[in-house]
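Biologist: Please take a close look at the ligand site in this model. Start with what surrounds the ligand, then work outward through whatever else in the chain deserves attention.

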Amino acid sequence: MRSVDVIIVGASLSAAAAAKRLVDAGLETIVLERKALPRHKICSGILSPRGHRFLLENFGPLPRETLHEPTACRGVTFHFPSMVSMSMDFFGGTTPHLHRKYSDHWAIKQSGAEIHDETSFAGLTDNGDHVLVHARKNGEPIEYRARQVIGADGPSSLVIRSIYPNYPKQIPWFFVGQKFHEIIDCPLDTEYFHFWFHPGLGHYTWSHARDGRQIVGVGFKRGDNFARKHANVVNYLADKHAVKLQPHAEDEGCAENFGPSLINRYVFGKGNVLITGQAAGFLNMIGEGMSCALHSGAISGEAIVEARLRNRPVQEMYRKMVASEVLRCSDQWNPLKIAFDRPHEADFPAALMALSWRDRAKVLRDMWRFVVLYKEFKWGRQIARAALQRPWLRGYSMQKWM
Ligand SMILES: Cc1cc2nc3c(=O)[nH]c(=O)nc-3n(C[C@H](O)[C@H](O)[C@H](O)COP(=O)(O)OP(=O)(O)OC[C@H]3O[C@@H](n4cnc5c(N)ncnc54)[C@H](O)[C@@H]3O)c2cc1C
């Protein structure tokens, strides 16, 4: 059995950031990834400026193969049922449009950790002074022994389920699906990621250009008909935005743990097991998760290093150190912060103020209807209620963290 300092589960961005901190501190680190690398990851790939800075500072300039076409994104355009559209540029210029298959592989290699791909985490036993990790490679069981384990295995985290079997039942889940279309004519600006605040289309509806095709994506709940929801959006785009697309050539989808950052239900682990990235609940508003995956991942690695140096329990260290990232992520949902501060990386207040008074009123009314009056989802109403009951001015209670 291989015995190392730290095992990280998942070979994505949060894992790369955690691994970088551990390897830099001289800790022997193995990353387990269930798929063969480089692996596909469903994602729009629009990296926020903060995420971009993290990659540059920690891993260096991005090689060309880590980018899709168009290679950069200028910002986000919100579209409303009243037909007002509002484009917001990212602070500090354009950001990269990541090809996750190659960007994640590049980052994890740059971290210097040892990578065991096609190796699925299957469970663990925390024995206090070490953790036994049970995995499977080519169908055969394989075991590792580590001082600490980091679960960086994304929204459906098996590491979380191995320490908190009931956790998935306690948080809201939703599904996203996207289809890839050849373009006949598409007036949507290719430099922006487009998002619709339209209850008639769904709670999460987006479109953007990639490698000469147009992606049209929708969020839906269990039991919904994805094909029907998607067709509804395609018809709406044709009708209202003159977007003409060929029937889709490919599609894909996945389950998402949307909402923990809004209702402050993060999960950071137990004993010698830390949870980070989207598995922990980090997902910024409108589903931007790479920057907080990178930062929370780095903090999980730093927490292990610090706990060893100071001879403190690793959970105590991680929860203290990750509090700043929690605040940053949850502040993105705070209406007071949105109105009077800049919790996002694109300038919403400036874009709003650039509109006429009439259009501003329409936008605010449409957003209010979208967030609060959204009737389709029981959990949507729960989230809206929780958001409105938040003690916005008092900061965030730590009690809901697991
Ligand atoms: C449709 C869609 C569009 C998105 N668009 C954007 C965007 O434009 N910008 C943005 O910032 N974010 C976007 N996101 C969110 C972003 O993709 C995630 O938040 C981010 O990838 C989370 O990173 P992570 O490191 O926490 O985990 P993940 O990227 O989810 O990676 C987890 C890794 O763990 C591996 N794994 C899982 N289980 C096991 C196991 N049992 N054993 C071993 N390995 C395992 C997986 O194969 C994977 O490699 C989007 C998400 C979706 C679904």
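Modeller: The ligand site comes first, followed by the aromatic rings, the backbone and a few long-range pairs. Keep in mind that this is a predicted model.

Start with the shell. It holds 36 residues around the ligand. Ser12, Ser14, Glu33, Arg39 and Gln278 come nearest. By class, 16 of the shell residues are nonpolar, twelve are polar and eight are charged.

Which elements each supply at least two residues of that shell? Two are helices and two are strands: α1 (13-24) and α8 (290-310), with β8 (119-126) and β16 (250-256). Strand β8 gives the largest share, three residues.

Now the polar contacts. Lys41 uses its side chain: one of its N or O atoms is 3.3 Å from an oxygen atom of the ligand. Gly45 uses its backbone, where an N or O atom also lies 3.3 Å from a ligand oxygen. Ile46 uses its backbone too, but the partner is a nitrogen atom of the ligand, and the distance is 2.9 Å. Cover follows from the protein as a whole. On its own the ligand would expose 1000 Å², and the protein buries 95% of that.

One backbone feature belongs in this stretch of sequence. The peptide bond between Leu37 and Pro38 is cis, with omega about 0°. Pro38 sits in the loop between β2 (29-32) and α2 (49-59).

Next, the aromatic rings. The whole structure has 17 aromatic pairs. Take Phe195 and Tyr204. Their ring centres are 5.4 Å apart and their planes meet at 70°; edge-to-face pairs need over 60°, so this pair qualifies. Both Phe195 and Tyr204 are buried. Tyr266 and Phe268 are arranged otherwise: their pair is stacked, with 5.7 Å from centre to centre and 10° between the planes. Tyr266 has 0% relative accessibility, so it counts as buried. Phe268 is also at 0% relative accessibility and counts as buried.

Phe195 and Tyr204 also belong to an aromatic cluster. The other members are Phe78, Phe80, Phe174, Phe197, Trp206 and Phe370.

Two rings carry a charge over them. The charged end of Lys179 sits over the ring of Phe226, at 5.1 Å from the ring centre. Arg360 does the same with Trp357: its charged end is 4.4 Å from the centre of that ring.

Back to the backbone. A cis peptide bond also runs from Glu69 to Pro70, with omega near -5°. Pro70 is in strand β3 (residues 67-73).

Positive phi angles come next. Met83 is not a glycine, yet its phi is positive, at about 70°. Met83 lies in the loop between β4 (75-79) and β5 (85-89). Is Met83 buried, exposed or partly exposed? Its relative accessibility is 36%, so Met83 counts as partly exposed. Asn311 has a positive phi as well, about 55°, and is not a glycine either. Asn311 is in the loop between α8 and α9 (314-331). Helix α8 is one of the elements that supply the ligand shell. With a relative accessible area of 68%, Asn311 is exposed.

Last, two pairs that relate sequence to space. Ile150 lies in strand β10 (residues 140-151). At 0% relative accessibility, Ile150 is buried. Where does Val273 come in? It is 123 residues from Ile150 along the chain, but their C-alpha atoms are separated by 5.8 Å. Leu336 and Ala11 give the other pair. They are 325 residues apart in sequence, and 36 Å apart in space from C-alpha to C-alpha. Leu336 is in helix α10 (residues 335-340). Its relative accessible area is 37%, so Leu336 is partly exposed.

To return to your request: the ligand has side-chain contact from Lys41 and backbone contacts from Gly45 and Ile46. Around it stand 36 residues, and the protein buries 95% of the area that the ligand exposes alone.

Note on methods:
Residues are numbered from 1 along each chain as its sequence is written. This is a predicted model: local features need pLDDT of at least 70, side-chain atom pairs count only at pLDDT 80 or more; totals for chains, interfaces and linings use all residues. Side-chain values use heavy atoms; hydrogens and water are left out. A residue is near a molecule or strand if one of its heavy atoms lies within 4 Å of it. A polar contact is a pair of N or O atoms within 3.5 Å; within protein, one must be able to donate a hydrogen and the other to accept it, and residues adjacent in sequence count only if both atoms are side-chain atoms. Accessible areas come from the Shrake-Rupley method with a 1.4 Å probe; for residues, only the protein chains shown count as cover. Helices (H or I, at least four residues) and strands (E, at least two) are DSSP runs, numbered from the N terminus. Ala, Val, Leu, Ile, Met, Phe, Trp, Tyr, Cys and Pro count as nonpolar, Asp, Glu, Lys and Arg as charged, and the others, Gly among them, as polar. Rings of Phe, Tyr and Trp (its six-membered ring) pair if their centres lie within 6.5 Å; planes under 30 degrees apart count as stacked, over 60 as edge-to-face and the rest as tilted. Buried means under 20% relative accessible area, exposed over 50%, partly exposed in between (1.4 Å probe, protein chains only). A charge sits over a ring if NZ of Lys or CZ of Arg is within 6 Å of the ring centre and within 35 degrees of the ring normal.
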